Amino acid sequence: MNFDQTYSVLDCIKINTKYLMDYNIDNAQCEIELILCSLLQCDKIDLYTKNQKISQKDCLIIESYIKRRIAGEPIQYILKNSYFYGRGFFVNENVLIPRFDSELIIDIAKKYGCVDNILDVGTGSGNLAITIAAENLAKNIVATDISKQTIKVAEYNKQKLCPEKNINFIIDDFLNSTINQQFDIIISNPPYIPKNEIDKLDDIVKKHEPIKALTDGNDGYNFYNKFSVLGKKLLKKNGVMLLEIGINNKINELKKIFCNYTIEIFKDLNDIPRVIKIY
Ligand SMILES: C[S@@+](CC[C@H](N)C(=O)[O-])C[C@H]1O[C@@H](n2cnc3c(N)ncnc32)[C@H](O)[C@@H]1O
């Protein structure tokens, strides 16, 4: 690619979108827009309305990002940013990239107004816990993860996005949990991909995202089994659990696991069961 000082944002979008498409990258235009918004610190609309030019220095940065993207790195790790519920979260390879589908948990939680406390298990970048706090859906939040590096990222995001809120980040292995408190709502997007499905994932996921965030190392039901055992202890009277599920998690199996509870199923925008409400 040849960049010069007259290179406009619109040319950059056009040329690089085609370039990424030639490498079979889906959402090529969207990814170029993300790169430009991050570099120019502007909104997407500004790319198309402000007739901006790109400096030589930024051209070189764009070129390096595009090389990394073509080599298979997710754009969110390259830009160290991922959007969730309209907020930009810092992400690196210690945390799962927040997925749009997980926003359904927040939408369901909103129906309860502002509760006293919420537990988020496997907080990752802190996207769920921090969104709950920022949307004023709980006065106190406990957010756990097994990984120290992950908790560091979540704490960083809390300072960045809602420093005034009460979120207690704790390193805790949920499968051997020491949590001894009761909550109005428990939310979680646990590692639910069966171990034997990991090989089938796209390289962009399996080569970059933390394996501990993807799979329980077993059949994908370890965490649901544990929620079933601990739910009665960790939930207040009338408390609920909102748990994300994946396409490999069979509803009949989940109904067996939660046979001592009531289970409701919520579908995502693709009509795929995505969240179960347990009470
Ligand atoms: C699917 S990711 C979800 C991250 C984030 N909540 C989200 O929705 O993007 C699952 C998270 O669970 C954490 N985790 C894995 N095993 C765990 C365990 N035994 N106890 C607590 N957290 C665990 C992982 O480190 C990872 O951050």
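Me: Angles under 35 degrees between helix axes count as roughly parallel, over 145 as roughly antiparallel, 65 to 115 as roughly perpendicular and the rest as oblique. Which of these words describes α2 and α4?

Reply: This is a predicted model, in which local features need pLDDT of at least 70 and side-chain atom pairs pLDDT 80 or more, while totals for chains, interfaces and linings use all residues. Residues are numbered from 1 along each chain, and side-chain values use heavy atoms, without hydrogens and water. The axes (lines fitted to C-alpha atoms, with angles from 0 to 180 degrees between N-to-C directions) of helix α2 (residues 28–40) and α4 come within 11 Å and cross at roughly 140°. The two helices (DSSP runs of H or I, at least four residues) are therefore oblique.

Me: Which term describes α1 and α4?

Reply: Helix α1 spans residues 9–22 and helix α4 residues 56–70. Their axes come within 11 Å and cross at roughly 20°. The pair is therefore roughly parallel.

Me: Which residues of α4 meet α1?

Reply: Contact means heavy atoms within 4.5 Å. From α1, the participants are Cys-12, Asn-16, Tyr-19 and Leu-20. Their partners in α4 are Ile-62, Ile-66, Arg-69 and Ile-70.

Me: How far from an oxygen atom of the ligand does a polar side-chain atom of Asp-145 lie?

Reply: Around the ligand there are 20 residues (each with a heavy atom within 4 Å), and Asp-145 is among those that come nearest. An N or O atom in the side chain of Asn-189 is 2.9 Å from an oxygen atom of the ligand. For the polar side-chain atom of Asp-145, the distance to a ligand oxygen atom is 2.7 Å.

Methods:
A polar contact is a pair of N or O atoms within 3.5 Å; within protein, one must be able to donate a hydrogen and the other to accept it, and residues adjacent in sequence count only if both atoms are side-chain atoms.
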